[in-house]
Structures are given as structure tokens and as C-alpha cells.
Amino acid sequence: MQTLAKKLNETIEQENPHVYAMLSDLGKKIYFPKEGILSQSAEAKAKATKYNATIGIALENNEPMHLKVFQDTLSSYSPKDIYEYAPPAGKPGLRTAWRKKMIEENPSLEGKKFGTPIATNALTHGLSVVADLFADSGDSLIIPDKNWENYELTFGIRRGANIVEYPLYNEENKFNAEGLRQAILAQKDKGKAIVILNFPNNPTGYTPGVEEGRQIVSAIKDGAEAGINIVAVTDDAYFSLFFEDTLHESLFGALSDLHPRVLAIKVDGATKEEYIWGFRVGFITFAGQSDALLNALEQKATGMIRATISSGPHPSQTFVLRALQSPEFNDQKQEKFNIMKGRANAVKRLLDSGKFDDAWDYYPFNSGYFMCLKLKTVDAESLRVHLLEKYGVGTIALGETDLRVAFSCIEEEDIEELFNTIYLGVKDIEK
């Protein structure tokens, strides 16, 4: 094993042997090079005052070489903030700004020990880094039965983890914390579990209430106290889009100092929160008991980024940083939130009117981009295809009964027509 990897492993094992035991084989082998092109280039950037012939970019007139056709479009940005490579861990100013934002939006983080967010190429990449670091073949990934299909690709197909599902809702149509608890405790013989908590949930648009949140944290603590090492990942892709009286914070804060056997990891990003999907800017943040532990974990995550994409796109990171620093940012974000909330409330009012009760029920939703219908009389895939071919309406079929509708991309005045059309499609098939 490479010496740097060995030293990082020794640090992690010394600071928290449970976290060391959570690492995958790949996670134990990975490291971020202290010597090599990047470190030598960084040293040269600081000290090479005459000529710096270290890094693979081109310079002209003491700034990054660029084409005018690009710079004309980006004329308000300095070439050094868009054309150079971003560091593998991300633009330092952006990482600091995102950490500050996290604390402002999650008061429960105040006084907790957690690292500086590492920039990723959006959330899927962040989850992939988590999978590479902590998932080995045969490890258990615990997710609800209503989940984002990419978890299976990222943790199951790529890393060989076993997918363990529990029902998202209990009999009261609340979050099924007991189901989560039982799924965790079932891993006692393995001694390890990876738990993903995705709120607002994709595909249902559900976020638990405060008491449900306490029950989730309690379920994870019960697992840790039973001797199970738990990688607790909050997938906060749709964070802040909370439209009702629910949790308005990530559970990352409550999990960050829960138990030595619980490693809390927050995966989030600007893509959904700030409506910049194509910019591909996400973050991964570790909580831990010591600075040494956090530094070692961040070094491994940065090494994983270096080994895969090398670094994320610099222009996108610059754009996000400038937006976060703008005095208009919060007002503009609130304006978009109000639009999204209006759409969600319009959907709920319409579905609660009773006019569609013979065709479907709907799963509880209160946040995010989506909601899910539970069809009573027709197959979801048949309806999806029929709606597309006859009415030009696109929806997502999930299993036999569930149809996901993204109200996020439907103007509020068009919502009634959309659901009327879905209802027509059901009646067409019933004939």
C-alpha cells in the first residue's frame, strides 16, 4: 500500500477505529498525492516569480490563453476565474461560502465539528465518491422502497452493494422510522450498513416532520448501539424546498455527533437548490470527532476526485460563488421558492377535490420537485406510454402502480389541465 494511504489509514484508525472499519478496500487504498504534478505546481505557483513551467495550461500576456468567442460571452469574469483548473477539492472561496450557507440554513450545525465542503461534479458524483470510499461487494445499502434509481447503479452495480429496502411510509402515512430501524438492525451480523436519507424524497416529494426526524435519528442510534458501523448519508439534493410544517434542516446536524459508530456525510449542491442543473456543482461534507479525522477523510475524497475527474469545472464554481456573494441572491431565491410552493399547493388542492378519487390516491408530499400518484385501476407503464403517444404528456412510471409527476416544470395555470389529461388517459385504458 502506498505510504500516504497508509498514513491516512493510521490517522483514521487512531481517531475513530469504527470509521476505519467502514472504509472499502478502495477507500483504504486511495490517497491524495502530496508529491507529484499538483503539489509541485502549487509550490511553483507560490514561489516561481520569473517563469512557471509546471502546469498544463497555456498563458498569454500573463493570463490564461483563451478564444475571444468564449470571453465575449463571459466578459464580466476574469480569465483566471474561468479558464484555469479548479483545485481537485474545489475553489477555496466557494467551499468556504457553501459552509457558511450550510450553517445559516442549519442552525443545528452550530458548535458541531464538520469539515469544509469538497466540491463535486454535482450530487451523483458526490454519491459516487461516497460509494467508492465506503461500499464493498456485499455491504448493505439501506434505502426506502420509494427511491431514486441511481442509487442502485452507483452503489449496487458499480460497487456490488446489496440493496436493502424498507417501506417509506407506515400505516399512518408518515415516515416509517421503525422499518428503517429494523432494516439497520438486520445488518448486525455484517456489522456495517450504509444508510441514505433523501429529503425531500425523490420520487414522492416527502419530507418528515420534526418528530419523525427524531425517530429517524433514534433508529440510527439504536443500530450504532447494537454494534453496527453506520455510514449515514444525507442526500440533500432538493434541500430548502420545504413547503409545509416539516423538517426545515438536514438531519446531517443531528447525526454529526450522534455516536462514534455513526459517520455522517452530507451530499448536496447548487444544481437543484439554485436551479442550475447543467452547471454540475455539488458538495460532500464529513462530520467527525477531530480535525485529524476530518482532514484524513477529506484527503481520501480529494484523492478519489483526482483519480476520476481530476477536478470539477472552474467556470461553474465561479458562477455559483458570485451568486452566493450577491446581495440579490436570497430575494431571487425566495421568489423562485414561492413559485414552486404555489405549484405544489395547487396540485394538492386539485387532488384533494375528490374529482380523481376513482382513478388514484396520492402519496403524501410536502416539498421538493415531485409527487407520486398511486393508480387504482391501470398499470403505470401502460398509462405512461398512452399519455405520451395520445396526448403528448410525459410522466415517469415506477413499478406497477406509481406514476411520478414533476410539478416543478409545470406552470401553475397548467396544472389542472395536466391532471385532467392524466385522468382521461386512465379512462381511455379502462374502456
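1. Let me start with one pair in the sheet: Met371 has Val405 in E13 as its bridge partner. Please keep in mind that this is a predicted model. Two further pairs involve the same strand E13: Leu373 is bridged to Leu403, and Lys374 stands opposite Asp402. Taken as a whole, strand E11 (residues 370-375) and strand E13 (residues 402-406) run antiparallel and are joined by five bridges.

2. Stepping back to the sheet, you will find four strands in an open arrangement, in the order E10-E11-E13-E12, with antiparallel pairing. Strand E10 (360-362) and strand E12 (396-398) are at the edges; each has a single partner strand, so one side of each is left without a neighbour in the sheet. On average, neighbouring strands are turned by 30 degrees against each other, direction ignored.

3. Now for the two edge pairings. E10 pairs with E11 in the antiparallel sense over three bridges, and here Trp360 has Leu375 in E11 as its bridge partner. On the other edge, E12 and E13 are also antiparallel, again with three bridges; Ile396 stands opposite Arg404 in E13. E12 and E13 form a hairpin with three residues between them. If you check backbone torsions, have a look at Gly399 in that turn, where phi is positive at about 70 degrees.

4. How much of E13 is covered? Five of its five residues are buried. In a regular strand, side chains alternate between the two faces of the sheet. For E13, both faces are covered: Asp402, Arg404 and Ala406 are buried on one side, and Leu403 and Val405 are buried on the other. You may like to note that the buried list includes Asp402 and Arg404. Strand E11 is mostly covered too, with five of its six residues buried.

5. Which strands does helix H16 touch? Helix H16 (residues 380-391) packs on the sheet and touches E11, E12 and E13. The direction of H16 makes about 40 degrees with that of E13.

6. Finally, a word on the surface, away from the topic of the sheet. Leu67, Val69 and Phe70 make a nonpolar surface patch of about 320 Å². Phe70 belongs to helix H5 (residues 68-73). Is Phe70 buried, partly exposed or exposed? Its relative accessibility is 48%, so Phe70 counts as partly exposed; the exposed class begins over 50%.

Terms used: Residues numbered from 1 in each chain as written. Predicted model: local features only at pLDDT ≥ 70, side-chain atom pairs only at ≥ 80, totals over all residues. Heavy atoms only, no water. Pairing = 2+ DSSP bridges. Helix = DSSP H or I, 4+ residues; strand = E, 2+ residues; numbered from the N terminus. Axes fitted to C-alpha atoms, helices over the stretch in contact; angles between N-to-C directions. Contact = heavy atoms within 4.5 Å. Patch = residues over 30% accessible without salt bridge, like charges linked within 9 Å, V, L, I, M, F, W, Y side chains within 5 Å. Areas by Shrake-Rupley, 256 points an atom, 1.4 Å probe, with all protein chains shown as cover. Salt bridge = Lys/Arg side-chain N within 4 Å of Asp/Glu carboxyl O. Buried < 20%, exposed > 50% of the residue type's maximum accessible area, 1.4 Å probe, protein only.
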